[in-house]
Protein chains: 2
Amino acid sequence: MDETPMPLDQAEAKQAMDQQEEYRVLTSTLTAYTSYQSLATRNVVNVRRRKLERMQNPRYRELAQSLFTKSNYLARAQHCIDTNTLLISQVAEVAAASFGVSAPEQRAEWAACDTVSAEKVVSTLRQAVREWSAEGAAEREVCYGRVIAEICRLFPDVYDVDNVAASGSQGALRPRNSVRIVIPGCGLGRLPLELALRGFAAQGNEFSFHMLFMSNYMLNCTLRPQEFAIYPYVHSQSHQRSRDLQLRAIRVPDVHPGQLMAYRDQHYPDSPSGELSMVLGSFDDIYLKQDATTNNSENEQGQFETADVVATVFFIDTAPNIFRTLEAIAGLLEPGGYWINFGPLLWHYEDVQQGEDNDVEAGDNDDEDRTRGLELTLEELLELIPKYGFAIEKHESSIPCTYTMDEASMGGFVYKCEFWVARKL
Amino acid sequence: MDETPMPLDQAEAKQAMDQQEEYRVLTSTLTAYTSYQSLATRNVVNVRRRKLERMQNPRYRELAQSLFTKSNYLARAQHCIDTNTLLISQVAEVAAASFGVSAPEQRAEWAACDTVSAEKVVSTLRQAVREWSAEGAAEREVCYGRVIAEICRLFPDVYDVDNVAASGSQGALRPRNSVRIVIPGCGLGRLPLELALRGFAAQGNEFSFHMLFMSNYMLNCTLRPQEFAIYPYVHSQSHQRSRDLQLRAIRVPDVHPGQLMAYRDQHYPDSPSGELSMVLGSFDDIYLKQDATTNNSENEQGQFETADVVATVFFIDTAPNIFRTLEAIAGLLEPGGYWINFGPLLWHYEDVQQGEDNDVEAGDNDDEDRTRGLELTLEELLELIPKYGFAIEKHESSIPCTYTMDEASMGGFVYKCEFWVARKL
């Protein structure tokens with residue numbers, strides 16, 4: 001945000017442009033979702049079918065065809081893609097309807113999608129494994145498990161006398177549903193749900209429409225556990241041990257959010273129910289305290305003005321401007337509140353190409369857009385945190401953790417993650 | 001290779017085109033090497049300097065500047081790039097001279113380089129750490145160590161009576177310098193050197209000019225161990241713990257090839273010296289047995305017609321056509337010879353974009369160029385190997401191994417590699 005308030009007509013023009021851009025991204029994402037079946041069929045099945053048909057060397061062709069025939073690979077891959085489409089198309093239907101752009105004449109105006117956006121649909125399937133399948137449990141335990149345990153330790157359930165006594169908690173005890181937790185970059189919403197299940201007022205925040213569509217569906221539209229079979233690995237041809245492993249089904253969701261919340265309300269009547277809410281958009285834009293003089297605060301409905309905990313998991317390195325993100329986290333927290341972080345430093349904008357040097361000189365008010373160049377080392381980040389009014393109370397380093405890794409595959413990226421609990425002074 | 005011989009005029013035209021393309025790739029790679037200093041300065045230093053100068057928010061700017069000033073980051077990064085340039089420019093000078101394109105009027109005609117080619121220069125620095133530094137020793141031990149131990153076990157040094165007795169070797173014993181080993185995709189040549197040091201006739205083969213330039217320099221032009229300090233991590237802004245670690249020097253080479261060979265000759269006079277040779281070009285094109293009727297065999301000078309061992313390390317998944325590569329390996333080996341493999345299945349052409357379906361229909365004799373679509377699973381590959389006349393005599397699975405990983409960084413890709421020894425029947 002600029003320090004100087006924008007003149008009103010400029011501000012209006014910017015707002016109109018922002019809305020136009022948001023509409024473009026929204027409908028382009030819907031296009032990516034609805035193009036999944038044809039694009040995946042082309043990239044996985046058709047490329048290989050043509051390759052087999054057109055191989056010149058008769059011995060190579062015979063060998064390749066006998067391998068692919070034996071596993072019935074192409075027909076099975078097509079079946080996997082078609083089955084994935086059942087979930088993906090329902091997700092898109094619900095999203096289009098909820099944003100009011102599902103009528104045929106509106107569909108005709110949806111923006112086209114690029115390759116990156118199309119590939120992100122595939123990655124939401126892998127994200128669904130991570131957050132909403134039994135197969136993802138081990139990966140979740142390392143990151144979410146640590147964060148949840150820490151929050152529960154800091155805020156014991158005051159309606160459960162044994163727990164409170166055992167926790168040795170000091171200071172004023174509060175009912176958990178008065179403890180407001182914001183989870184920026186919450187992906188498909190599993191962490192907010194887990195915190196709500198434990199009685200907290202959990203607010204997820206997510207910027208990506210690709211994620212938002214799927215999280216909305218998982219949290220609000222699934223009918224029962226194991227409702228969908230998905231085949232997230234059909235698109236990956238490398239690191240595969242066998243076709244059976246590549247084409248294995250993963251069941252989602254592993255739990256049904258509504259059933260779980262109802263079960264909790266029924267079995268723990270003494271403890272007030274937690275709350276779960278979701279806020280769309282950029283964490284910085286939404287939660288950063290607006291300069292009072294600009295008077296252009298357009299807070300999303302229902303967003304927390306302040307919070308007791310901000311829980312960032314694999315989030316801070318997605319920041320276009322880490323200084324702004326730190327300011328937003330610090331500004332959102334009540335004095336005494338906690339910032340709990342788990343994740344690596346894979347700066348998401350490091351590889352964004354920004355054209356020639358000349359282009360960089362051209363613009364002026366372009367700090368937020370031109371995002372490359374603010375990648376900090378861990379040491380620098382840890383030096384910066386106290387300057388935003390935090391005291392680091394707990395810090396664990398180099399925790400091995402994967403992210404949407406296929407555990408049956410022949411390799412994956414292993415992050416050595418940092419975990420810290422910082423208290424707002 | 002096609003089954004039918006090409007008419008002579010077509011063959012001549014193809015040969016002329018191939019030479020033109022080779023010249024283009026050669027000079028484009030030289031351009032990438034000689035552009036390193038300016039491109040790296042722009043991407044690492046200038047982007048960040050401008051970012052700091054132009055940040056709008058005074059508090060962010062002050063914090064960022066104080067962090068970067070404290071570590072003197074930009075000046076140190078520039079120093080690292082300038083020091084890297086000392087090695088890189090010497091490598092390019094030697095390469096340009098050895099290919100006869102170093103005169104000023106020839107330089108003026110060098111082809112331009114694209115972004116990918118420019119980035120590959122940076123990756124040769126990381127490759128130099130892997131193959132030619134003390135820091136790379138652990139990574140080398142997992143892959144090269146296994147392969148070397150196996151080859152030494154299969155062919156004990158007959159001039160060392162104790163070794164032969166201890167090995168329990170059966171069959172006819174041979175002097176090691178009669179054992180011809182081909183190492184396809186040998187990168188910077190460390191594995192061929194290690195095998196030559198142990199007395200074998202080792203022949204490296206490499207397709208990439210980026211690698212060839214650096215391997216030639218490491219093997220033939222370095223003057224002493226630790227001659228160069230390089231800073232391979234200055235270009236990576238993610239996964240960094242501190243500026244000191246990011247900007248640490250790695251010394252190359254850890255050993256001096258010429259000194260080692262001389263030492264061996266001096267201290268083991270009874271055991272004939274090993275031999276080391278390098279062959280440029282695509283492994284399949286060069287070593288695949290030519291159809292006698294085509295009579296267009298243009299074998300590189302000095303290449304082995306047959307071999308006793310083919311040692312592939314992180315190689316087979318670079319194949320544009322794995323069937324052709326298997327045929328080349330099988331064809332090159334003498335009956336009773338060994339194919340020793342270590343590596344993952346990261347198919348290098350999986351993500352090559354091939355345009356629309358229509359394009360795929362357009363071409364005809366395009367099997368070799370259109371490389372996507374032949375990615376096999378491990379299970380399929382293991383089923384295929386016997387069909388090329390091999391018996392797998394030893395097989396170890398899921399060996400964790402990294403590739404050019406910065407061991408001080410906050411994460412990296414961990415491959416679960418396969419190791420096998422297959423005997424040609």
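Reader: What's the backbone doing just after helix 9 of chain B?
Author: B:G199 sits there, and it takes a positive phi of about 100 degrees. Keep in mind that this is a predicted model.

Reader: And helix 9 itself, how many of its residues are buried?
Author: Helix 9 of chain B runs over residues 190–197, and 8 of the 8 are buried, so the helix is largely enclosed by the rest of the structure.

Reader: Which residues are those?
Author: The buried ones are B:R190, B:L191, B:P192, B:L193, B:E194, B:L195, B:A196 and B:L197.

Reader: OK, zooming out. How many helices and strands does chain A have?
Author: Chain A has 16 helices and 9 strands. Of its 425 residues, 52% are buried.

Reader: What about contacts between residues at least 24 apart in chain A?
Author: If you take the chain A contacts between residues at least 6 apart in sequence, 75% of them join residues at least 24 apart.

Reader: And the surface of chain A, what does it come to?
Author: About 18,400 Å² is accessible, and carbon and sulfur atoms account for 51% of that.

Reader: Switching to the interface. What area is buried between chain A and chain B?
Author: About 7,300 Å², with carbon and sulfur atoms giving 48% of it. On the chain A side, A:Y60, A:L67 and A:M410 lose the most area to chain B, together 10% of what that side buries.

Reader: How many residues does each chain put into the contact?
Author: Chain A gives 80 residues and chain B gives 80 residues.

Reader: How many salt bridges between the two?
Author: The count is 8 salt bridges between chain A and chain B. One pairing is A:K70 with B:E383, where the closest N and O atoms are 3.2 Å apart.

Reader: And how many residue pairs are in polar contact across it?
Author: There are 36 such pairs across the interface of chain A and chain B, counting those where both residues have pLDDT 80 or more.

Reader: Which elements of chain A give two or more residues to that side?
Author: Among them are helix 2 (36–54), helix 3 (58–71), helix 14 (322–332) and strand 9 (411–424). Helix 3 of chain A supplies the largest share, 10 residues.

Reader: How does that side of chain A divide into nonpolar, polar and charged?
Author: The residues touching chain B split into 26 nonpolar, 25 polar and 29 charged.

Reader: New topic: B:N341. Where does it lie, and is it buried or exposed?
Author: B:N341 lies in strand 7 of chain B, residues 333–343. Its relative accessibility is 1%, so B:N341 counts as buried; the cut-off for buried is under 20%.

Reader: Which side chain does B:N341 make a polar contact with?
Author: The side chain of B:T312, at 2.8 Å. Leaving aside neighbours within four places in sequence, B:N341 is in contact with B:T312, B:I316, B:E418, B:F419 and B:W420.

Reader: Last one, B:V129. Which helix is B:V129 in?
Author: Helix 6 of chain B, residues 115–132. B:V129 is buried too, with a relative accessible area of 5%.

Reader: What does B:V129 touch?
Author: Not counting residues up to four places away in sequence, B:V129 touches B:E135, B:G136, B:R140, B:I230, B:P232, B:Y233 and B:I250. B:I230 is 101 residues away along the chain, yet the C-alpha atoms of B:V129 and B:I230 are separated by 8.7 Å.

Key. Residues numbered from 1 in each chain as written. Chains lettered and ligands numbered in written order. Predicted model: local features only at pLDDT ≥ 70, side-chain atom pairs only at ≥ 80, totals over all residues. Heavy atoms only, no water. Helix = DSSP H or I, 4+ residues; strand = E, 2+ residues; numbered from the N terminus. Buried < 20%, exposed > 50% of the residue type's maximum accessible area, 1.4 Å probe, protein only. Contact = heavy atoms within 4.5 Å. Areas by Shrake-Rupley, 256 points an atom, 1.4 Å probe, with all protein chains shown as cover. Buried area = accessible area lost by both parts, 1.4 Å probe. Salt bridge = Lys/Arg side-chain N within 4 Å of Asp/Glu carboxyl O. Polar contact = N/O pair within 3.5 Å; in protein donor to acceptor, adjacent residues only side chain to side chain. Nonpolar A, V, L, I, M, F, W, Y, C, P; charged D, E, K, R; others polar.
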